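Biologist: Before we rely on any label in a model, I would like to hear how each one is justified. Could we go through them one at a time?

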Amino acid sequence: MTRILIADDESDIREVVKVYGELNGYEVDEAGDGLETLDMIQKTAYDLIILDVMMPKLDGFSACRKIKDTSSIPVIMLSARTEEYDKLFGFELGVDDYVVKPFSPKELMARIKVVLERGQHKASNIKRFDGLEIDISGRNVTVDGEKAMLTPKEIDLLLYLVANQNIALSRQKLLHEVWNYDYFGDDRTVDTHIKMLRHNLGKYRDFIVTVRGMGYKFEA
């Protein structure tokens, strides 16, 4: 079941979101301030967080910044403030949607559905193997949260290996698929790029396995 956290210091707001959320098939937990929110996400895996901007102990923007620094959990901000600056500031922090109070509970549920569906689509384009994260659509690779500086061809090679995970691929197959039909090279081209790719993957280099007498495969 999809699990949502509503963080707001107004108990009546939390209650409305909880009731409507449960009617829509979500499991809804509550937090009354920013610090409690951060504590709860350390203990429970949430699919979406709804944050009020004006909360005691730690405001919603600060809580959102800390959440986005360590996770990709979708966040919807709630606020009585309608200034464009506040909305833009929220989006710069990585907020997925911004809802102005007072709001229609039905509209909020519709926005939750859209954000969750967007997150599912995005997640389908991101592969994670321990601390190695590969954003297929964005062609970005991070190693333990740090961006790996790969060349375009190294990314092409890694994406092809990952797309064929656990399948042994010959050097000629890799030349054919990654360097395209018109590339005239030899096996050393593949070996050189594999060597550099492994170097850039750091401690996750062993995910690229050498298949003796044939080529390579991605195994995690």
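Biologist: Which residue takes a positive phi in the hairpin of β7 and β8, and how many residues lie between the strands?

Modeller: This is a predicted model, and in it the hairpin of β7 and β8 has four residues between the strands, with Arg-139 taking a positive phi near 55°.

Biologist: What makes β7 and β8 a pair?

Modeller: Two strands pair if at least two bridges are found between them. β7 and β8 are joined over four bridges in the antiparallel sense, so the criterion of at least two is met. Among the residues involved, Asp-135 has Asn-140 in β8 as its bridge partner, and Leu-132 has Val-143 in β8.

Biologist: How do you know that β8 and β9 also count as a pair?

Modeller: β8 and β9 pair in the antiparallel sense over two bridges, and the criterion asks for at least two. In β9, Lys-147 is the bridge partner of Thr-142. The hairpin of β8 and β9 has two residues between the strands, and Asp-144 takes a positive phi near 50° there.

Biologist: Why is a positive phi worth noting?

Modeller: Because most residues other than glycine have a negative phi. Asp-144 is a residue other than glycine with a positive phi, near 50°, and Asp-130 is likewise a residue other than glycine, with phi near 55°. Asp-144 lies in the loop between β8 (140-143) and β9 (146-147), while Asp-130 has its place in the loop between β6 (126-129) and β7 (132-135).

Biologist: Why is Asp-130 called exposed, and what is Asp-144 called?

Modeller: Exposed means over 50% relative accessible area, and Asp-130, at 68%, therefore counts as exposed. Asp-144 has a relative accessible area of 43%, which falls between the limits of 20% and 50%, so the label is partly exposed.

Biologist: Which strands stand at the edges of the sheet that holds β7 and β8?

Modeller: That sheet is open, with four strands in the order β6-β7-β8-β9 and antiparallel pairing. The edge strands are β6 and β9, each of which pairs on one side only. Helix α6 (residues 152-163) lies across β6, β7 and β8, running at about 100° to β7.

Biologist: What is the order of the five-strand sheet, and why are two of its strands said to stand at the edges?

Modeller: The five strands form an open sheet in the order β2-β1-β3-β4-β5, with parallel pairing. β2 (27-31) and β5 (97-100) each have a single partner strand, so one side of each is left without a neighbour in the sheet. From one strand to the next, the twist averages 20°.

Biologist: How do you know that β3 pairs with both β1 and β4?

Modeller: Strand β1 (residues 3-7) and strand β3 (residues 48-52) pair in the parallel sense over four bridges, and β3 and β4 also pair in the parallel sense over four bridges, so each pairing satisfies the requirement of at least two. In β3, Ile-50 stands opposite Ile-6 and Leu-48 stands opposite Ile-4, whereas in β4 Ile-76 stands opposite Ile-50.

Biologist: What makes β3 a mostly covered strand?

Modeller: Buried means under 20% relative accessible area, and five of the five residues of β3 are buried. Leu-48, Ile-50 and Asp-52 point one way from the strand, Ile-49 and Leu-51 point the other way, and all are buried.

Biologist: Where does α1 lie relative to this sheet, and why is Val-16 called partly exposed?

Modeller: α1 lies across β1, β2, β3 and β4 (75-79), running at about 170° to β2. Val-16 is found in that helix, which spans residues 11-23, and its relative accessibility of 33% lies between the limits of 20% and 50%, so Val-16 counts as partly exposed.

Biologist: What makes Val-16 eligible for a surface patch?

Modeller: Patches take residues with over 30% relative accessible area, and the 33% of Val-16 is therefore above that cut-off. Val-16, Val-19, Tyr-20 and Leu-23 make a nonpolar surface patch of about 340 Å².

Biologist: Why is the peptide bond before Pro-102 singled out?

Modeller: Because most peptide bonds are trans. The bond from Lys-101 to Pro-102 is cis, with omega near -10°, and Pro-102 has its place in the loop between β5 and α5 (105-124).

Note on methods. Residues numbered from 1 in each chain as written. Predicted model: local features only at pLDDT ≥ 70, side-chain atom pairs only at ≥ 80, totals over all residues. Heavy atoms only, no water. Patch = residues over 30% accessible without salt bridge, like charges linked within 9 Å, V, L, I, M, F, W, Y side chains within 5 Å. Areas by Shrake-Rupley, 256 points an atom, 1.4 Å probe, with all protein chains shown as cover. Salt bridge = Lys/Arg side-chain N within 4 Å of Asp/Glu carboxyl O. Buried < 20%, exposed > 50% of the residue type's maximum accessible area, 1.4 Å probe, protein only. Axes fitted to C-alpha atoms, helices over the stretch in contact; angles between N-to-C directions. Contact = heavy atoms within 4.5 Å.
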